[in-house]
Amino acid sequence: MKGLVTLKLFLNQENEVAVDGVSSKATVQDFFDAIDDFFTANPLPCETCKQNCCGGRFKINMDSVSARKISRGKVERIIPKLFVDMGENKLEVFLVAGNKKCRNLNGLGRCLVYKERPASCRTYICIAKSSCYKILEAAIVAELHHAMRAEYLDVVLADRATPAAAIEPAGALRQEIVSTSIAYNRNNYSEILIKDCVKADSAHSNVTPAEAAWFQELINKNV
Ligand code: SF4
Ligand code: SF4
């Protein structure tokens with residue numbers, strides 16, 4: 001359910017994408033809806049742009065809610081299509097990594113999973129952004145990526161082909177991630193509060209404690 005204050009995006013005096021109306025009840029879905037409304041009012045020239053963002057020159061974090069939606073709840077089905085980087089207790093799960101074109105891009109340059117695309121794709125806007133937008137983007141993308149790491153480990157732990165020696169470290173890492181994740185096991189973005197993402201992510205380090213405190217002051221001004 002939407003909060004009493006409506007979250008919206010607008011262009012500020014510096015021509016940056018800015019955010020207004022973030023309340024303690026605002027959800028990740030409210031943020032994504034506000035981004036869609038902003039794009040409707042300020043369409044980007046993607047069809048004629050030579051940058052071709054989905055063409056794969058970036059790393060795109062996978063997100064847990066998107067993974068559940070794209071796979072219709074069978075996350076194990078899409079794991080082989082993702083790019084997983086695991087080393088020294090650090091696990092990354094990407095939709096796109098490096099120079100490969102996103103597999104969800106069709107021959108006409110359209111996204112085949114547009115309604116279920118990950119947070120990294122939803123929040124990317126190729127124009128200048130305000131500090132508040134950057135904090136929300138960083139926190140939401142990082143939190144959903146964090147939860148995706150646990151979803152991946154769930155698949156690893158359930159896979160009979162996983163070597164016995166890998167079970168214990170995978171289980172320990174999963175437990176560590178789950179204990180600090182607020183997006184894990186959620187099926188919808190409307191179940192995740194933005195304020196929880198910012199708070200949780202300051203622990204995952206993409207948002208600094210000072211930014212998290214500033215953000216808290218901001219939402220305290222609204223209902
Ligand atoms: S998002 Fe921006 S940079 Fe990327 S293809 Fe569209 S217009 Fe070009
Ligand atoms: S999921 Fe869709 S929006 Fe995201 S990189 Fe792939 S084609 Fe582009």
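This tour proceeds from the whole chain to one helix and then to the ligand site of a predicted model.

**The whole chain.** Begin by displaying the entire protein chain. Its 223 residues have a radius of gyration of 18 Å, which agrees with the value near 17 Å that a compact globule would have. Along the principal axes, the C-alpha atoms fill a box of roughly 55 × 45 × 30 Å. Buried residues make up 34% of the 223.

**Secondary structure.** Next, colour the chain by secondary structure. Eight helices and five strands should appear. Followed from the N terminus, these elements run β-β-α-β-α-α-β-β-α-α-α-α-α. Among contacts between residues at least 6 apart in sequence, 69% join residues at least 24 apart.

**Helix α1.** Now select residues 28-41, which form helix α1. At 1.5 Å a residue, its 14 residues should span 20 Å, and the end C-alpha atoms are indeed 20 Å apart. Within α1, highlight V28, D30, F31, A34 and I35, which are buried. Because these residues cover an arc of only 160° around the axis, they lie on the same side of α1. Turn the view to the other side of α1, where D36 and T40 are exposed.

To see what covers the buried residues of α1, add β1 (8-11), α4 (119-123), α5 (131-158) and α7 (194-204), which are among the covering elements.

**Ligand 1.** Finally, select ligand 1 together with the residues around it: L44, P45, C46, C49, Q51, N52, C53 and C126. Colouring this shell by class shows six nonpolar and two polar residues, with no charged residues.

Technical notes
Residues numbered from 1 in each chain as written. Chains lettered and ligands numbered in written order. Predicted model: local features only at pLDDT ≥ 70, side-chain atom pairs only at ≥ 80, totals over all residues. Helix = DSSP H or I, 4+ residues; strand = E, 2+ residues; numbered from the N terminus. Expected span 1.5 Å × (residues − 1). Buried ≥ 20, exposed ≤ 12 C-beta atoms within 10 Å, placed from the backbone. Arc of directions from axis to C-beta. Contact = placed C-beta atoms within 7 Å. Near = placed C-beta within 6 Å. Nonpolar A, V, L, I, M, F, W, Y, C, P; charged D, E, K, R; others polar. Rg over C-alpha atoms; globule rule 2.2 N^0.38 Å.
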